[in-house]
Amino acid sequence: MGIQVIDPGIFTTVQDGGRTGYQQYGVTPSGPMDERAFAQANLLTGNPAGTEELEMTFQGGRYCFDTDAVIAITGADMKPQLNGEPIPMYQAVSVEAGSELVLGFAANGCRAYLSVAGGMDIPLVMESRSTLTGKHLGGIDGRKLEKGDRIEFTATVSEVANQESRVLAQPEYSEKEITLRVVAGPQDDGFSREEFRKFFWYGAVITNEADRQGIRLKREIPVKHVGDGNIISDGIAFGSIQVPPNGQPIVMMADRQTVGGYPKIGTVITVDLPLLAQAKPGTQVRFIEVSIELAQELYLRELSSRKEIESQWNK
Amino acid sequence: MEDIRILISGDKAVSVQMGSEISLEVNHRVLMLQAELEKNPIEGVTEMLPTYASLMVHYRPEVIRFRELSEEIMKRTQTMKEISGSKKRIVEVPICYGGEFGPDLEYCAELEHTTPEEIIRKHSQHDYYVYMLGFAPGHPYAARFEEPFSFKRRETARVMIPARSVVVQQNLSDLIPFDQPCGWNIIGQTPCEICDYSRKDPFLVHAGEWTRYIPVTPEEFRKIRKQVEAGKWKPRIIE
C-alpha cells in the first residue's frame, strides 16, 4: 500500500537524513538540500527525525494514493491540491485511499518536501535511503522518480496524535536577495585581508548552474587568490564556499564531492543554508561574517525549539 | 614536526591539518589520528574523512561545541600511536594495457620518448600508495615513489571516459570507478569493479593501502571480467 507515480515532476528524489560514515570512501552524504523544511515535514507527520521523504525540485508532479495516509508538505510553495481542492502546506493532512495529489510549479522557493506518517519502504544502501543520482546510489534504483514508479509505505496511518494542532508557519522565500551568514575558513588564509573583506562587500548572483552538487555564483569582480588557487585536496563540508582559480565562488551542497583542491574562503552557517537551497537562479546573494560560536548557538536554538514542539505534539 | 592546525569548516566540521605537504609521513599521521579517534572516541563526532594531509572531523554541535572539540582532538594528537600491525597491505589489480583498453598508451610513450613496453614496465613494476578515496565512491588517489613520468594532464579534458579506466600523470595513477570527465591519459583498463554497491565491502581499495598493477592479456582480461560479472572474482591481497 502506498503511492503510484503518475507524473514525477522535474526532479524528485528520495532523501533521508543522509548517508553518514562513508565520506572516507568517497561517498557523499546526500540528504535534503533544505534541512529545515525536511525536518519540519517529519515533525508535522510525527516521524522520527531523518525519516525518508520525497524532495521535489521546481515542480512536484502527480501521485495516486491507494491507502489512507497522513502527509505534510513543506518548503517551496507548489500549490498542492488533493482531488482538485487546494490543501494547506506546513500542516498534517489526512489523505483517503484513492486520492490524487498534485503539486505544480514552485510559486515561491525551489524545493518541496513530502513526508508520509510512518515512512516509505525504500531499501537501505550503505545505511541510508538517500538518492545520489550522479552515482546511481540509493533511493529508487539510484535515480530520480519516473512515471510508473510505486512507493510502498511502511505503515497505514489515517490519523496522528494531536493532528489538528500540527501546523507550522509557512516561510516566504525572497526572490530578489538573500543574506547568508558565513564562518571564515578553512582556507581564508588563501586570500589577502583585503580580498577577504571584499568578499563580504560585494554580493554575487546565483547562476543557472545550481543543483544538488553545488550552487555556482557569479561576481562582477572575481575573488583573487594569494597563490594559484590550488590547495592540497581536503574534505568539503555542506555549505563550503570553494573559490576555483577563476575566482567565481561555488557553494558546495548536499551531493558535493567529498574532497576538493580549491581554497574554501568560508562556510555558510547551517541555519542559513535553507535560504540558498530555496533561492532561484538570478537571486542576489550577500554574505556576512559571523563567529563559530554564534553559528552554533543559532543552530542549537533551532534544534531546541523543534524539540519543544515535538514533545508537545507527540505527547 | 610541524604544528597541527585545526581549521574551521563551518559549524559542524573541522579539518585537522597534520602537515602541509603530500608525503607518506604526513598521511600516516592523518591515519594515526583517525585510529586514535576510533579507539578513544569523542562523543558527538559523527564521521571522519582522511585526506592527503588532514583529517576532516564531522560533529554534532548539540553534543560538543567547537572549542571543547578542538581541545579533545589536540589531546588525541598527543596520545596517538603508530598503528599497531600496520603492515603494508597490497591489493593486486589486473590491468590490460594499450589497444582498445588504453587508447593513450602509444601517445604516452611518445611523450616520454620511449616504448609502450617501457611505460607498462614503469607503471606495473612499482607499488602505489593510496593516500585517500574521494571525488567518486571508491576512487583512489594513488602515487608511486619511483620513476615518475614527465607528462602531466592532456591539453583538453575528455567529456567522458569509461568506468574502470586506468589513468596516469607524473607519479600519479587513478582507477576510475564510474564514467566521468577526465583530463588524464588512459593507458589501460582493469576488469575489476573499483566500486560495486552489491559487495559487502563495495570498495576495491582503501586509504592507506597499496596497489600493485598486474599486466594481463586481452584474453585474460575477458576471463577475469566474466568472473567479476558472475560475482566470483576476488582480488589477491598481499600482507
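So, the two domains of chain A: their centres, taken over C-alpha atoms, sit 28 Å apart. Domain 1 runs over 2-165 and domain 2 over 177-299, with bounds that come from an automatic or database domain assignment. Keep in mind that this is a predicted model, where local features need pLDDT of at least 70, side-chain atom pairs count only at pLDDT 80 or more, and totals for chains, interfaces and linings use all residues. Residues are numbered from 1 along each chain as its sequence is written, and chains are lettered from A and ligands numbered from 1 in the order in which they are written.

Where do the domains touch? On the domain 1 side, 18 residues are in contact with 12 residues of domain 2; contact means C-beta atoms, placed from the backbone, within 7 Å. Helix 1 (35-45), strand 5 (69-77) and strand 10 (108-116) of chain A each supply at least two residues to that side of domain 1. Helices (H or I, at least four residues) and strands (E, at least two) are DSSP runs, numbered from the N terminus.

Let's stay with helix 1 of chain A. How many of its residues are buried? The count is 11 of 11, where buried means 20 or more other C-beta atoms within 10 Å of the residue's own, with C-beta atoms placed from the backbone. The cover over those residues includes strand 3 (53-57), strand 5, strand 10, helix 3 (273-277) and helix 4 (292-313) of chain A. Just after the helix, G46(A) takes a positive phi of about 80°.

One helix residue, A41(A), is also touched by L114(A), which reaches E53(A), L54(A), M56(A), I71(A) and I73(A) as well, leaving aside residues up to four places away in sequence. L114(A) is among the residues with the most contacts inside the largest nonpolar core, which has 139 residues. A core here is a set of buried Ala, Val, Leu, Ile, Met, Phe, Trp, Tyr and Cys residues joined through C-beta atoms within 7 Å. V57(B) is on that list too.

Which brings me to chain B: 35 of its residues are in contact with 32 of chain A. Strand 3 (45-50) of chain B is one of the strands supplying at least two residues there, and strand 3 gives the most, with 5.

Last bit, the open sheet in chain A: 6 strands, antiparallel, in the order 7-6-9-4-1-11. Pairing takes at least two DSSP bridges. Strands 7 (85-86) and 11 (150-152) each have a single partner strand, so one side of each is left without a neighbour in the sheet.

Notes:
Contact = placed C-beta atoms within 7 Å. Buried ≥ 20, exposed ≤ 12 C-beta atoms within 10 Å, placed from the backbone.
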